[in-house]
Amino acid sequence: MLQSKLFYKANKNKTGNAESVSHDLLVRAGYVDQLMAGVYSFLPLGFKVLKNIEGIIRKNMEMIDGQELLLPSLHPKENWVRTGRWDSLDVLFKLPGAGDKEYALGSTHEEVVAPLAKKVIFSYKDLPLHVFQIQTKFRNELRAKSGILRTREFIMKDLYSFYTNQEDFDVYYEKAAKAYEKIFKECGIGKITYRTLASGGTFSKYSDEFQTITDAGEDLIYVCTRCSLAINKEIKAETLKCTACNNAEFEEKKAVEVGNIFKLGTKFSTPFDLKFTDRDGHDKPVLMGCYGIGLSRLMGAIVEASHDEKGIIWPESVAPFKVHLVSLPGAKVKTAAAKLYKSLQSAGIQVLWDERENKNPGEKFAESDLLGIPLRVVVSEKTLEKNSVELKERAKDLMKLVKVKDILKHV
RNA sequence: CGGGGUAUGGUGCAACGGUAGCACGAACGGUUUGGGACCGUUUGAUCUCGGUUCGAAUCCGAGUACCCCGACCA
């Protein structure tokens, strides 16, 4: 991608009412744009990051037998009335339709996936099943806050599992928890993301959240000082010892919830009469589980966790480009950079080339730091004198000169 | 939803009740070129409605929007 053609505009002025670092950086670097409170556009740069996160999640969901599908966002009122959530779920957006009809905008999809599953599940032979989708969710939060960390419209991955019995379900649930840990690790926040025992809300006594440590987070969690488990503040009072290792010492941390998994039991199978015929010929309710990750929130959490005073520092796995090729003025430089750009591209490397000639080096470097692309490759008259280019990792201070012909060995 | 704050060019900020100004950006010309360089010219704004006043960006009222704290958060 040529930077002069990129749909974005970097801004060196700090955001006026910036409350969270991720909001300020993502807006200023042109990754996202705020349309209104809690609603954001993802610009080309931000969308690339989102797609990369999506790819990591999809891969890991498929590894635990998830089949991807796409459910509607517009739901019939009746399904929500049936589970009682038309009235009880405060964040549900409700829309008028033609005539007397009313619709819900999907804030979660149990009300859609359970009746859908009923159409394919009849026998124990049909189970287990696992489906997931990556889709926009709507929640009428009373207060949107912290940029893309808490919005009214956001991208979420939700997986639903269907099982015949508790034992098999529990095995899968743990498998899903492991997959989650893997996802957060691959997104570069594994070390600061904790599986956290939390309330199950109206679904179950407990659930498991995945909480990423950051001051921008709105949750308080207690991280076990001995193992890697944490406990959410909401249930800390009743759980004085770590459920994993029996330790009683915890460290209090602010965190943002990037994922949450629930054992739904028959909570939704019952209202939708989702059952199967078991080996013994008797009908039994299907056991359900649901597993969510907020992709857009995850993107914000990554920035909260990985930045410095100059800008974003993307983990390579989610970065919009792998290489930021920066060419300084000079006709020879431009020719050499163009050649480099082509060879990087044909090697399958995602590269953004800052070929703008009306920008001073300082400005180019500053903007490169703001954008946070993992590897910066500078071409200038100085480097070309040595038939070289300069390599610098965004996350490190060290610069090194590498021969132009050897560039592919280093990216 | 309760409480608080803010609202001025595209962005960030100024302006005692009396000529709306600065920086960044953008455009044009020129000089520069390894950390947001410089010179000149130009562009472009007081959230909406009402009130007070000779006169309102400024004071008052209502509305709207955004932000922050809290509550809420399958």
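Start with RNA strand B: 47 residues sit around it, and Gly-16, Glu-19, Ala-37, Gly-292 and Gly-362 come nearest. Keep in mind that this is a predicted model. Chain A, according to its domain assignment, splits into domain 1 (3–308) and domain 2 (323–410). Let's go through the RNA surface, the domains, a helix pair and two sheets.

**Around the RNA**

- Helix 10 (361–371) is one of the elements that supply at least two residues each to the surface near RNA strand B.
- The others are helix 11 (381–385), strand 13 (250–265) and strand 16 (287–294).
- Which element gives the largest share of the surface near RNA strand B? That's helix 10, with 8 residues.
- Sort the residues of this surface by class and you get 17 nonpolar, 16 polar and 14 charged.

**Two domains**

- Measure from C-alpha centre to C-alpha centre, and domain 1 and domain 2 are 39 Å apart.
- Where the two domains touch, 5 residues of domain 1 are in contact with 8 residues of domain 2.
- On the domain 1 side of that contact, 2 residues are nonpolar, 2 are polar and 1 is charged.

**A crossing pair of helices**

- When two helices pack, people describe the pair by the angle between the axes and the distance between the axes.
- Take helix 1 (residues 21–28) and helix 8 (residues 295–305): their axes come within 8 Å and cross at roughly 100°.
- Angles of 65 to 115 degrees count as roughly perpendicular, so helix 1 and helix 8 are roughly perpendicular to each other.
- From helix 1, the residues that meet helix 8 are Val-21, Ser-22, Leu-25 and Leu-26. Their counterparts in helix 8 are Gly-300, Val-303 and Glu-304.
- By class, this helix contact has 4 nonpolar, 2 polar and 1 charged residues.

**A sheet of 3 strands**

- Strands in a sheet pair through backbone hydrogen bonds, and the pairing can be parallel or antiparallel.
- Here, 3 strands make an open sheet in the order 4-6-5, with antiparallel pairing.
- Why does one side of strand 4 (74–76) and of strand 5 (93–96) have no neighbour in the sheet? Both stand at the edges with a single partner strand each, so one side of each is left free of a neighbour there.
- From one strand to the next, the twist of this sheet averages 40°.
- Strand 4 and strand 6 (residues 102–105) run antiparallel and are joined by 3 bridges. Leu-74 stands opposite Leu-105 in strand 6.

**A sheet of 5 strands, with helices on it**

- Another open sheet has 5 strands in the order 20-19-21-22-23, and its pairing is mixed.
- The edges belong to strand 20 (351–354) and strand 23 (399–403); each has a single partner strand, so one side of each lacks a neighbour in the sheet.
- The twist in this one averages 25° from one strand to the next.
- Strand 22 (residues 388–393) runs antiparallel to strand 23, and 5 bridges join them. Glu-390 stands opposite Leu-401 in strand 23.
- Helix 9 (residues 331–346) lies across strand 19 (323–327), strand 20, strand 21 (375–379) and strand 22. Its direction is at about 165° to strand 19.
- Helix 10 packs on the sheet too, touching strand 19, strand 20 and strand 21, and makes about 170° with the direction of strand 19.
- That's the helix 10 you met at the RNA, where it supplies 8 residues of the nearby surface.

Methods
Residues numbered from 1 in each chain as written. Chains lettered and ligands numbered in written order. Predicted model: local features only at pLDDT ≥ 70, side-chain atom pairs only at ≥ 80, totals over all residues. Pairing = 2+ DSSP bridges. Helix = DSSP H or I, 4+ residues; strand = E, 2+ residues; numbered from the N terminus. Axes fitted to C-alpha atoms, helices over the stretch in contact; angles between N-to-C directions. Near = placed C-beta within 6 Å. Nonpolar A, V, L, I, M, F, W, Y, C, P; charged D, E, K, R; others polar. Domains from an automatic or database assignment. Contact = placed C-beta atoms within 7 Å. Parallel < 35°, antiparallel > 145°, perpendicular 65-115°, else oblique.
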